[in-house]
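Here is a short briefing on a modelled complex. Topics run from confidence to contacts, cores and helices.

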Amino acid sequence: MKFSSTGYLIKEGFKNIWSNRMMSLASVVVLVSCLLITGAASLISLNVSTLISTIGEDNEITVYLKYELSDIDSMKVGPQIQKIDNVSACEYYSKDAAIKEYEEKLGPIYDSMQGDDNPLVNAYKVQLNDLSEYKTTVKQIKKINGVESVSDRSDIARKLTKLNYFVTLVGSWVVLILGIVTLFIISNTIKMTMYSRRYEISIMKSVGATNAFIRIPFVIEAMIIGLLSGLISSGLIIALYNPIRDSAAGIVPLIGQSALTVEQIWLNTLLMMSGVGVLIGIVGGFISISKYLKGGK
Amino acid sequence: MIHLENVSKIYPNGTEALKNISIDIENGEFVFIVGSSGAGKSTFLKLLMREEKATFGKIKVNGHDLMKIKKRRIPYLRRTMGIVFQDFRLISKMNIYDNVAFAMRVVGTPEKAIKKRVRYVLELVGLKGKEKRKPNEISGGEQQRVALARALVNQPEIIIADEPTGNIDPERSYEIMKMLVEINKRGTTVIVVTHEHDLVEEFGGRVLHINDGEITEDKFVKTKYHEAPISLNDSELEFDFGDDQTAAENDTNKEEAEEE
């Protein structure tokens with residue numbers, strides 16, 4: 001194939017799209033659906049990972065004191081905690097302050113729990129220097145007299161890690177299966193286009209067209225369908241991302257703090273999805289036309 | 001130019017379409033291939049175009065050994081021949097100009113050269129001024145002339161016409177045949193497959209009868225168009241295609257050289 005044919009072949013690829021517009025449209029619609037699910041699965045997985053690392057970075061633990069401990073005795077625990085090497089800061093958090101915070105957040109239902117009826121316990125909010133020393137530090141804190149328990153955020157982190165693993169696993173399968181589906185759809189479209197143009201292909205062959213010359217317009221057609229689908233689906237994801245993120249943050253406030261913003265994801269989403277669309281187009285188109293030409297005379 | 005030696009073709013279903021055929025067709029010959037349907041005429045053409053591969057024997061066409069030719073080289077073999085089909089095989093969505101230009105685009109000729117050459121060939125077949133029309137807007141005879149123009153446009157060494165007059169009325173058939181004779185007079189080998197004996201009697205030349213997969217007769221029919229069998233000197237005549245044609249041919253040769 002010659003360089004002088006390139007312009008003609010690209011033009012033919014665009015013409016093919018228009019000639020088979022209904023088939024092209026149907027392919028774009030199905031591909032957009034697949035890419036939307038794939039993109040959503042990837043973004044969910046990415047956000048769960050971010051959430052986990054946010055929790056990991058937050059190295060504050062809460063030390064709960066025994067219920068029967070008086071305020072004065074409770075105040076004495078603080079300096080002992082402070083003495084531990086891995087503790088960088090230690091702030092007293094009284095049960096009165098805690099009930100007030102609950103009241104502010106949840107309304108006056110805690111009115112009857114003021115003063116001596118307060119069911120909460122005094123506590124310390126403790127900042128750690130090194131999170132990897134977490135277990136040793138917790139052991140040391142628990143040995144201090146008057147300490148009842150230590151809040152453990154690692155539980156949430158562990159759960160989220162499991163969730164992330166699950167989301168990644170499911171996401172990977174979704175991406176793989178939908179990848180195959182999209183490949184199948186695009187190669188089927190090209191196969192049908194070729195079938196409808198088999199007469200033309202036979203004429204091309206009879207006048208001495210090489211396989212490369214016959215193949216290129218079809219691959220370009222598939223590439224354009226893939227690119228178009230990638231652009232539309234990434235556009236939809238970018239447009240819908242913030243409303244979905246806000247709704248999720250309304251249910252789980254932590255998501256609001258840790259989830260990626262649309263500004264952080266739009267460019268990568270656009271590039272990735274368009275790239276995947278084009279790649280699937282090229283591979284799908286190439287496979288089907290090569291199969292067809294291999295079978296022909 | 002065309003050399004067949006002990007060629008047989010047996011299809012996978014067991015049909016023996018050609019049986020031990022040996023034949024030579026020289027440059028510049030005008031050959032009719034006649035025979036009833038199912039005699040093996042189409043298989044003979046398919047072997048020449050390498051649409052099918054012979055089961056046994058040796059075939060050489062325009063320097064290509066068709067028993068050894070690689071699949072990727074087949075397009076280059078086909079560029080040395082122009083094919084005219086009974087059903088014209090024009091692309092309906094393309095206008096006449098593009099239908100002819102298409103054959104040159106396939107071989108990568110620059111657009112400027114295509115423009116010049118296509119106009120010249122369309123004028124040659126009497127279709128000047130009809131470039132913009134679609135195939136369904138012209139008559140059957142004109143459609144066959146477009147097919148002829150397409151076959152001629154790359155200046156092939158051989159023109160193979162498979163029942164070129166099968167779908168057109170007798171008057172137009174004579175026109176097409178006269179054009180083929182004219183093309184032949186200018187040096188191009190012409191092979192016409194037909195079952196119309198009137199045309200054979202009228203135009204003459206070398207006549208090969210194929211019957212039940214065998215060549216049963218190989219004779220020369222003398223007419224006003226073909227007075228004597230071709231001699232080697234006659235076959236060296238060249239069809240004047242103009243300067244741009246030479247450029248197109250050179251391009252094709254160059255591409256083949258690049259490929260190699």
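Helices here are DSSP runs of H or I with at least four residues, numbered from the N terminus. By that numbering, Gly126(B) comes just after α4(B), and its phi is positive, at about 75°. The model is predicted. The predictor gives the complex an ipTM of 0.77 and a pTM of 0.67.

**Confidence**
- Chain B has an average pLDDT of 86. In that chain, 88% of the residues score at least 70.
- Residues 232-260 of chain B stay under a pLDDT of 50. For this stretch the model has 39 contacts beyond four places in sequence.

**Where chain B touches chain A**
- The contact involves 16 residues of chain B and 15 residues of chain A.
- On the chain B side, two or more residues each come from α2 (74-78) and α3 (96-106).
- That side of chain B is made up of eight nonpolar, one polar and seven charged residues.

**Nonpolar cores**
- The largest nonpolar core has 100 residues. Those with the most contacts inside it include Ile33(B), Val100(B), Leu148(B) and Leu180(B).
- Helix α8 (residues 211-251) of chain A gives the most to this core, at eleven residues.
- Leaving out residues up to four places away in sequence, Leu148(B) touches Val84(B), Val125(B), Ile176(B) and Met179(B).
- A second, separate core has eleven residues, among them Ile61(A), Leu65(A), Val138(A) and Ile141(A).

**Helix α4 of chain B**
- This helix covers residues 111-124, 14 residues in total. From first C-alpha to last it reaches 20 Å, close to the 20 Å expected at 1.5 Å a residue.
- Which residues of α4(B) are buried? They are Ile114(B), Arg117(B), Val118(B), Val121(B) and Leu122(B).
- These buried residues lie on the same side of α4(B) because they cover an arc of only 130° around the axis.
- Lys112(B) and Glu123(B) are exposed, on the face of α4(B) turned away from its buried side.

**Helix α5 of chain A**
- In this helix (residues 134-143), Thr137(A), Val138(A) and Ile141(A) are buried.
- Their arc around the axis is only 100°, so they sit on the same side of α5(A).
- The face turned away from the buried side of α5(A) carries exposed Lys135(A), Lys139(A), Lys142(A) and Lys143(A).
- The cover over the buried residues of α5(A) includes strands β1 (60-65), β2 (87-93), β3 (123-128) and β4 (147-150) of chain A. Helix α3 (71-83) of chain A is also part of that cover.

Key
Residues are numbered from 1 along each chain as its sequence is written. Chains are lettered from A and ligands numbered from 1 in the order in which they are written. This is a predicted model: local features need pLDDT of at least 70, side-chain atom pairs count only at pLDDT 80 or more; totals for chains, interfaces and linings use all residues. Two residues are in contact if their C-beta atoms, placed from the backbone, lie within 7 Å. Ala, Val, Leu, Ile, Met, Phe, Trp, Tyr, Cys and Pro count as nonpolar, Asp, Glu, Lys and Arg as charged, and the others, Gly among them, as polar. A nonpolar core is a set of buried Ala, Val, Leu, Ile, Met, Phe, Trp, Tyr and Cys residues joined through C-beta atoms within 7 Å. A residue is buried if 20 or more other C-beta atoms lie within 10 Å of its own, exposed if 12 or fewer, and partly exposed in between; C-beta atoms are placed from the backbone. pLDDT is the predictor's confidence in each residue, from 0 to 100. The expected span of a helix is 1.5 Å times one less than its number of residues. The arc is that of the directions from the helix axis to the C-beta atoms.
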